[in-house]
Amino acid sequence: MKHERHTVDCEPAHPGYVSAFLRIAGDECAFVECYTTHALPHLLAALEAHGKKPEQVRYVVVTHAHLDHAGGASALMKACPNATLLAHPRAARHLVAPEKLVSSATAVYGEETFRRTYGTIEPIPEARVRTLGEGETFALGASTLRVFHTEGHARHHFVVHDPDTRTVYTGDTFGLVYPRLQRGGTFAFASTSPTDFDASAAYASIDKVLSLGEPTASPTHFGDVTNVEEVAAQVRRFIARSEELVVREAATTASVADIQARIESDLRVVFDDAAKAAGLLLDAEDWASLTLDLTLNAQGLAFAADKRRKAS
Ligand SMILES: [Zn+2]
């Protein structure tokens, strides 16, 4: 039995930003992650390049329901007629009935940008969806893969352990590790995008990934990382700094917009410090490439601070 794992760049126009993974076990294939509908031609091209047909795709696996991971699932499922979608129970709900996903993203981005960015998202028939509980497995060829629920980034998130290729597909649980930012040494940071940021759950999820003892982690952003201990340490530090900002802002009466603006400017310092410590000098192009992550991270932390002060 031949085990293969290939990283597919889902948006070659913006290389090294979002990956999906094509896993081949003998005659059977699975995709882990699928970005938006715009990734479809690249995913199908990867199949063809490795001598496989869409009919051989047995599973489409999404780590969570965020649209840069699962937005393309309905289109990919249409193209792969024998595939079953595997998802966290809380994520599956949104993919079977995507109205809420679509309307909340449309509210954030506006109709036109939403359509341009994410394409069309259709409901996936419930009969083609299987949810996976904590520790549940699925078989691909002679391989057995297992999922572990990992909160902290999103409450609908799991990671996928793939022992035969010695990796864990970590979604957004184990940080973002962009290839373009690895010029100094390792440079990894956490995604705290809305709306489920939870520092203690995020630490526990990182520990869960490490406890699997694999030499590789495959974060969706991006590809494979082999220095897992260092990535974990950097992501933990980033979460700690993020949590400090949430605690500070939860004690204020400022508007959510003001909180977000303050956090975003503080996050620039956090990024700059972390980059310097990693031997990386962020240039203008790096900052441009980080704009969306900075905004989303600040948005998620401002949301968390506001939620916390309302609860107290
Ligand atoms: Zn996410």
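## Overall fold

Among contacts between residues at least 6 apart in sequence, 71% join residues at least 24 apart. The model is a predicted one. Its secondary structure comprises ten helices and eleven strands.

The protein has 312 residues, and a compact globule with that many would have a radius of gyration near 20 Å. The value for this protein is 19 Å, which agrees. Along the principal axes, the C-alpha trace spans about 55 × 40 × 35 Å. Of the 312 residues, 45% count as buried.

## The six-stranded sheet

Six strands make an open sheet. Their order is β1-β2-β3-β4-β5-β6, and the pairing is mixed. The edges are β1 (3-9) and β6 (129-131), and each of these pairs on one side only. Neighbouring strands in this sheet are turned by 20° against each other on average, direction ignored.

Mixed pairing can be followed strand by strand. β1 and β2 are antiparallel and share seven bridges. Within this pair, His6 has Leu22 of β2 as its bridge partner. β2 and β3 also run antiparallel, joined by five bridges. Here Ala25 is matched with Glu28 in β3. By contrast, β4 (residues 57-61) and β5 (residues 84-87) pair in the parallel sense, over three bridges. Val61 stands opposite Leu86 in β5.

## A closer look at β2

How many of the seven residues of β2 are buried? The count is seven of seven, so β2 is largely enclosed by the rest of the structure. Both of its faces are covered. On one side the buried residues are Ser19, Phe21, Arg23 and Ala25. On the other side they are Ala20, Leu22 and Ile24.

β2 and β3 form a hairpin, with two residues between the strands. Gly26 sits in the turn and has a positive phi of about 65°.

## Helices across the sheet

Two helices can be placed against these strands. Helix α1 (residues 40-49) lies across β1, β2 (19-25) and β3 (28-32). It runs at about 150° to β1. Helix α4 (residues 89-96) lies across β5 and β6. Its angle to β6 is about 160°.

## The five-stranded sheet

A further open sheet has five strands, in the order β7-β8-β9-β10-β11. Its pairing is mixed. Why do β7 and β11 each have one side without a neighbour in the sheet? β7 (137-140) and β11 (216-219) stand at the edges and each has a single partner strand, so one side of each is left without a neighbour. Neighbouring strands of this sheet are turned by 25° against each other on average, direction ignored.

One pairing in this sheet is that of β8 (residues 143-149) with β9 (residues 158-162). These strands run antiparallel and are joined by four bridges. Val147 stands opposite Val160 in β9.

## The nonpolar core

The largest nonpolar core contains 88 residues. Which of them have the most contacts inside it? They are Ala20, Phe31, Cys34, Val60, Ala73 and Val235. Helix α8 (residues 228-250) gives the most to this core, with eight residues. The core takes at least three residues from each of domain 1 (3-229) and domain 2 (230-311).

Ala20 shows what such a position looks like. Leaving out residues up to four places away in sequence, Ala20 touches Val8, Cys10, Phe31, Val32, Glu33, Cys34, Tyr35, Ala39 and Leu43. Two of the residues on that list, Phe31 and Cys34, are also among those with the most contacts inside the core.

## Two domains

The domain assignment divides the protein into domain 1 (3-229) and domain 2 (230-311). Their C-alpha centres lie 24 Å apart.

How many residues of domain 1 are in contact with domain 2? There are 30, and they are in contact with 27 residues of domain 2. On the side of domain 1 that touches domain 2, the elements giving two or more residues are α7 (199-211) and α8. Of these, α7 gives the most, with five residues.

Definitions and conventions: Residues are numbered from 1 along each chain as its sequence is written. This is a predicted model: local features need pLDDT of at least 70, side-chain atom pairs count only at pLDDT 80 or more; totals for chains, interfaces and linings use all residues. Two strands pair if DSSP finds at least two bridges between them. Axes are lines fitted to C-alpha atoms, for helices over the stretch in contact, and angles run from 0 to 180 degrees between N-to-C directions. Two residues are in contact if their C-beta atoms, placed from the backbone, lie within 7 Å. A nonpolar core is a set of buried Ala, Val, Leu, Ile, Met, Phe, Trp, Tyr and Cys residues joined through C-beta atoms within 7 Å. A residue is buried if 20 or more other C-beta atoms lie within 10 Å of its own, exposed if 12 or fewer, and partly exposed in between; C-beta atoms are placed from the backbone. Domain bounds come from an automatic or database domain assignment. The radius of gyration is taken over C-alpha atoms; the globule rule is 2.2 Å times the number of residues to the power 0.38.
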